[in-house]
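Colleague: I should like to go through the terms used for this structure and ask for the reasoning behind each one.

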Amino acid sequence: MYNINAFIFTLGALFMPAAMAADESPSLLKKFGIQAGGWVNAGISLNTNNPIDGFNGPVTFADRSNELQLNQFNVYLQRPIAKEGKAWDFGGRLDVMFGTDAIFAQAYGIPSFDVNTGQPLRRSKWDLNLCCEGSRFYNMALPQAYLETYVPVGSGLSVKIGHFYSPTGYETVPAPDNFFYTRSYTFSNGEPFTHTGLVGNYTTNKNWSFMGGVITGSSTGGWDGGMDKELSNWGGLAGVTWTSNSKRTSVNLTGSYSETSTRSDEPWGFYSLVVQHKVTPETLLVLHQTFGYAGGVFTPAGNRNAEWYGIDLQLQHELASDLSVGVRGEWFSDKSGFRVCSPVRVAQATNSVHISFAANFEATCVPADYFDITMGMNWKPAKKLKLEHTLMQNLNIRTNIRYDSVDGFGRAYLPFDNRRNQLLISLDATLPF
């Protein structure tokens, strides 16, 4: 394991000088409107329970305790399209992610078992076996690979086709786009991470915009689909956003609906509601609520209809241009023990014969309510430390203190190293380039 870690961080160190050099000189790609970039995100979490297995229970990202993780080394090529105008425009994007988070960004929408019958399945090969066969925690993913076009109709329509991050919810997989190092259960367990299909976005005026499309490549209701299986299982994806005239308040409602798979016409769907309000120019209040359901799925109690729902409230305040603080509180209910497994990585890495490459034990999935309270700080140290290089201006260091607890339905559930709660103290750094 130590040799793998050494290789990983050496690889990151080798790529950084190249990224810094590219930052100092014009790229030939820019002549064609193509952008190259990425980010590095690494962190460590101290778990006061000091779990024997090294896992932070059902916490998904930052799931290892007392261990430095290279969570994301992500590189991308992108040609952004126009947002307005009277001419067609074409572009696209390709992302490649390496690190401990990669397993969660993969197209795992075809799990190792049929969610309705429990029968073994052949998993998608889109990006599940790209590298690192001998590693328990490090992997590679292709979370985005799509083409995009701007259609000059009305106020402008943008359409993308391929594999892309889900346009639903508030939090997301890419580290730079989240205030906290750890993610909420509402995001990690209640919503899709990626989709494969086609989606369009259309803004009617300064107040209203709409999103809609079709999704495929998945045997979990259109969630996290790939490009090589289940391509005849189609579903829908839609959303609407309202923004106030002052731009201080926005309401976003999104969701998806699909038959579960080509073998089952049972429904699978969810909605996500995100309300954001600028209390002051420096203070943002976010309410995020989600509800999902899946028909006739295999649960610890047998085949039944599963429901899950969560709500989280976040408050973020900018103390200075380089320093922000925030707090998040949430409740997530997995009534059927279908959405939350502990540890999540072990469940993801388990094959059809109940062997996981991430651990020598199986994950547990139990009906329960999950709670977390998280406090965090974002600090960009370039100004204070007089880091003058352009690349270092975007360095973001986050602290994260998180308390988790769980209440099992009908029985005691102790997923935090044989306890019902845990305290995590985390520190991570993200460096875009």
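Colleague: Why does Gly-109 count as buried?

Modeller: The model is a predicted one, and every value that follows is computed from it. Gly-109 has a relative accessibility of 1%. Buried means under 20%, so Gly-109 counts as buried. The residue is found in the loop between α2 (102–105) and β4. From Gly-109 to Cys-341 there are 232 residues in sequence and 16 Å in space, C-alpha to C-alpha.

Colleague: What makes Tyr-309 partly exposed?

Modeller: The relative accessibility of Tyr-309 is 24%. Buried requires a value under 20% and exposed a value over 50%, with partly exposed in between. Tyr-309 therefore counts as partly exposed. Trp-331, with a relative accessible area of 31%, is partly exposed by the same reasoning.

Colleague: Why is the aromatic pair of Tyr-309 and Trp-331 called edge-to-face?

Modeller: A pair of aromatic rings is described by the distance of the centres and the angle of the planes. For Tyr-309 and Trp-331 the centres are 5.5 Å apart and the planes make 80 degrees. Rings pair if their centres lie within 6.5 Å, and planes over 60 degrees apart count as edge-to-face. Both conditions are met, so the name edge-to-face applies. Tyr-309 lies in strand β12 (residues 302–320) and Trp-331 in strand β13 (residues 323–334), and the two residues are 22 apart.

Colleague: How do you know that β12 and β13 pair?

Modeller: Two strands pair if at least two bridges are found between them. β12 and β13 have 12 bridges, in the antiparallel sense, so the condition is met. Ala-320 stands opposite Leu-323 in β13, and a hairpin of two residues joins β12 to β13.

Colleague: With which strand does β13 pair over 12 bridges, apart from β12?

Modeller: β13 also pairs with strand β16 (residues 368–379), in the antiparallel sense and over 12 bridges. One bridge there sets Gly-326 against Gly-376 in β16.

Colleague: Why is the aromatic pair of Phe-61 and Phe-187 called stacked?

Modeller: The structure holds 22 aromatic pairs. In the pair of Phe-61 and Phe-187, the rings are 6.3 Å apart, centre to centre, with 20 degrees between the planes. The centres must lie within 6.5 Å, and planes under 30 degrees apart count as stacked. The pair therefore counts as stacked. Phe-61 is buried, and so is Phe-187.

Colleague: Why can this pair be said to tie together parts that are apart in sequence?

Modeller: Phe-61 lies in the loop between β1 (35–47) and β2, whereas Phe-187 lies in helix α3 (residues 185–188), so the pair ties together parts that are 126 residues apart in sequence. Ring pairs also link Phe-61 and Phe-187 into a cluster with Phe-104, Tyr-108 and Phe-193.

Colleague: What makes you say that the charged end of Arg-183 sits over the ring of Phe-61?

Modeller: The charged end of Arg-183 is 4.3 Å from the centre of the ring of Phe-61. The cut-off is 6 Å from the ring centre, together with a direction within 35 degrees of the ring normal. Arg-183 is listed as sitting over the ring. Lys-160 is placed likewise, with its charged end over the ring of Tyr-146, 4.3 Å from its centre.

Colleague: Which residues lie nearest the centre of the second largest pocket?

Modeller: They are Lys-160, Tyr-165, Ser-166, Pro-167 and Asn-201, out of 36 lining residues. About 820 Å³ of space lies in this pocket. Its lining has 14 nonpolar, 16 polar and six charged residues.

Colleague: How much space lies in the largest pocket, and what lines it?

Modeller: About 1100 Å³ of space lies in the largest pocket. Of its 35 lining residues, the closest to the centre are Pro-111, Phe-338, Cys-341, Ala-347 and Cys-365. The largest share of the lining, four residues, comes from α4. By class, there are 17 nonpolar, 12 polar and six charged residues.

Colleague: How many cavities of 30 Å³ or more does the structure hold?

Modeller: The structure holds one. The largest cavity has a volume of about 40 Å³. Among the residues that line it are Tyr-165, Ser-166, Phe-187 and Phe-193. The lining divides into five nonpolar, three polar and one charged.

Conventions: Residues are numbered from 1 along each chain as its sequence is written. This is a predicted model: local features need pLDDT of at least 70, side-chain atom pairs count only at pLDDT 80 or more; totals for chains, interfaces and linings use all residues. Side-chain values use heavy atoms; hydrogens and water are left out. On a 1 Å grid over the protein atoms alone, a cavity is a set of points where a 1.4 Å probe fits but cannot get out, and a pocket is an open set with protein on both sides within 12 Å along at least five of seven lines; lining residues have an atom within 4 Å of a point. Grid points are joined across faces, edges and corners, and a volume is the space filled by probe spheres set on the points. Ala, Val, Leu, Ile, Met, Phe, Trp, Tyr, Cys and Pro count as nonpolar, Asp, Glu, Lys and Arg as charged, and the others, Gly among them, as polar. Rings of Phe, Tyr and Trp (its six-membered ring) pair if their centres lie within 6.5 Å; planes under 30 degrees apart count as stacked, over 60 as edge-to-face and the rest as tilted. Buried means under 20% relative accessible area, exposed over 50%, partly exposed in between (1.4 Å probe, protein chains only).
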